[in-house]
Amino acid sequence: MSATTSSIARPRWGGHTAADFVREYFVYIALVALIVFFSIASPYFLTPDNFANIGRQTATVSIIAVGMAFVIINGQIDLSVGSVFALCGMAAALVMQYVSNFWLLGALAAIAVGVLFGFANGFITAKLGVPSFLVTLGILGVARGISLLITDTRPVIITNPTYFEIFGESRILGVPIAVVWTIVIVGIGALLLHKTVFGMRTFATGGNPQAARFTGVKTKRTVILAFVLTGALAGFASLMFTGIARAARPDVGAGLELDVIAAVILGGVSLFGGRGTVLGVLAGSLIIGIMNNGLVLMGVSSSVQQIIKGIIIIAAVSLSKK
């Protein structure tokens with residue numbers, strides 16, 4: 001009798017309870033629910049132009065979040081991505097202004113700076129055994145300080161029209177280039193995480209580092225590579241931001257790491273490591289972008305937006321716990 005009652009009280013799909021179903025697909029359920037809600041709440045939400053705006057606005061978070069997913073699945077955290085993002089943009093602008101007004105050289109400079117700081121984060125964390133929270137908190141200050149110091153807090157103007165076309169203003173089949181780059185990076189990230197040896201080692205390192213080492217996984221190298229990837233993607237994301245703004249500013253990216261981490265958590269990546277998907281991370285980023293966009297269209301103040309965002313993140317973490 002009790003078994004029968006229990007089965008009736010807790011519906012099951014394919015051997016999973018309703019609660020399991022909600023945990024598994026929470027991010028996608030929330031994404032659809034937000035689209036439906038804001039479509040009803042605002043007549044300006046469900047339009048092609050607004051969705052293009054959402055895509056452009058979320059591109060930075062989505063791209064960096066792909067790298068952050070690797071870091072968090074490894075059981076680590078990176079708080080420095082906002083400051084590194086700003087410094088990478090400054091590097092691209094300064095190289096094009098003072099060295100060569102060649103877009104490729106500027107782009108390589110931005111990504112190289114991101115890789116350098118990502119390697120520093122990974123090396124100190126993995127090789128020296130310093131907790132990543134403390135390491136990246138320190139690097140946050142270092143990168144921000146350098147970006148402010150090298151231009152005395154002034155923005156750097158970018159004048160290369162090809163740079164704007166490739167990273168900021170053009171469209172492909174009517175789709176903003178920032179959205180196209182996001183799709184490309186998410187696709188590559190998904191293949192890297194789910195279809196390569198590096199991806200398997202990432203899950204193994206985050207799930208059980210000791211067992212991974214016993215099976216021959218070079219866990220320290222895996223952690224370093226995850227941080228390098230995140231730094232490189234922070235550099236790449238800075239190209240799109242500066243391509244749209246036509247300038248690099250040393251004060252941008254403050255708090256960006258919070259949105260990136262929130263997107264990863266909302267996307268179902270476990271804060272304890274060993275679990276997550278890149279597609280879920282993209283959905284998490286879109287949730288943040290749609291929520292910000294929809295609340296603005298409804299005239300909700302920024303302070304209330306922060307409260308709502310915090311509640312949703314707490315709910316996502318609670319539902320993702322097993």
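**Exercise 1. The Glu169 salt bridge**

Find the partner of Glu169 in this predicted model, and state what the pair ties together.

Solution.
Step 1. Glu169 forms a salt bridge with Arg246. The closest N and O atoms are 2.8 Å apart.
Step 2. Check the criterion. A salt bridge needs a Lys or Arg side-chain nitrogen within 4 Å of an Asp or Glu carboxyl oxygen. The 2.8 Å contact between Glu169 and Arg246 counts as one.
Step 3. Place the two residues. Glu169 sits in helix α7 (residues 161-169), while Arg246 sits in the loop between α11 and β6 (247-248), so the bridge ties together parts 77 residues apart in sequence.
Step 4. Classify the exposure. Glu169 has a relative accessible area of 37% and is partly exposed. Arg246, at 39%, is also partly exposed. Both values fall between the 20% and 50% limits of that class.

**Exercise 2. The other salt bridges**

How many salt bridges does a search of the whole structure find? Describe the bridges made by Arg154 and Arg249.

Solution.
Step 1. The search gives three salt bridges.
Step 2. Take Arg154. Its side chain meets that of Asp152 in a salt bridge, at 3.5 Å from N to O. Arg154 has 52% relative accessibility. The cut-off for exposed is over 50%, so Arg154 counts as exposed.
Step 3. Take Arg249. Its partner is Asp251, with the closest N and O atoms 3.2 Å apart. Arg249 is partly exposed at 37% relative accessibility. Asp251 is partly exposed too, at 46%.

**Exercise 3. The cavity**

How many cavities of 30 Å³ or more are there, and which residues line the largest cavity?

Solution.
Step 1. The count is one cavity of 30 Å³ or more. The largest cavity holds about 30 Å³ of space.
Step 2. Read the lining. It consists of Phe85, Ala86, Gly89, Ser238, Phe241, Thr242, Ala248, Arg249 and Val252.
Step 3. Assign elements. Those giving two or more residues to this lining are α4 and α11 (219-245).
Step 4. Sort by class. Five lining residues are nonpolar, three are polar and one is charged. Gly counts as polar here, so Gly89 belongs with the polar residues.
Step 5. Link back to Exercise 2. Arg249 is in this lining, and Arg249 also forms the salt bridge with Asp251.

**Exercise 4. The second largest pocket**

Which helix gives the most to the lining of the second largest pocket? Also give the volume and class make-up of this pocket.

Solution.
Step 1. The volume is about 360 Å³.
Step 2. The lining has 16 residues. Nearest the centre of the pocket lie Gln57, Thr60, Val61, Leu256 and Asp259.
Step 3. Three helices, α3 (48-73), α12 (256-266) and α13 (278-297), each supply at least two lining residues. The most come from α13, with five residues.
Step 4. By class, the lining has six nonpolar, eight polar and two charged residues.

**Exercise 5. The nonpolar surface patch**

Which residues make the nonpolar surface patch, and where does Tyr98 lie?

Solution.
Step 1. The members are Tyr98, Val99, Phe102, Leu104, Leu105 and Leu108. The patch covers about 610 Å².
Step 2. Helix α5 (residues 103-126) gives the largest share, three residues.
Step 3. Tyr98 lies in helix α4 (residues 81-98).
Step 4. Test Tyr98 for membership. Patch residues need over 30% relative accessible area. Tyr98 has 62% and is exposed.

Definitions and conventions
Residues are numbered from 1 along each chain as its sequence is written. This is a predicted model: local features need pLDDT of at least 70, side-chain atom pairs count only at pLDDT 80 or more; totals for chains, interfaces and linings use all residues. Side-chain values use heavy atoms; hydrogens and water are left out. Patches are made of residues with over 30% relative accessible area and no salt bridge: like charges are joined within 9 Å, nonpolar side chains (Val, Leu, Ile, Met, Phe, Trp, Tyr) within 5 Å. Accessible areas come from the Shrake-Rupley method with a 1.4 Å probe; for residues, only the protein chains shown count as cover. Helices (H or I, at least four residues) and strands (E, at least two) are DSSP runs, numbered from the N terminus. Buried means under 20% relative accessible area, exposed over 50%, partly exposed in between (1.4 Å probe, protein chains only). On a 1 Å grid over the protein atoms alone, a cavity is a set of points where a 1.4 Å probe fits but cannot get out, and a pocket is an open set with protein on both sides within 12 Å along at least five of seven lines; lining residues have an atom within 4 Å of a point. Grid points are joined across faces, edges and corners, and a volume is the space filled by probe spheres set on the points.
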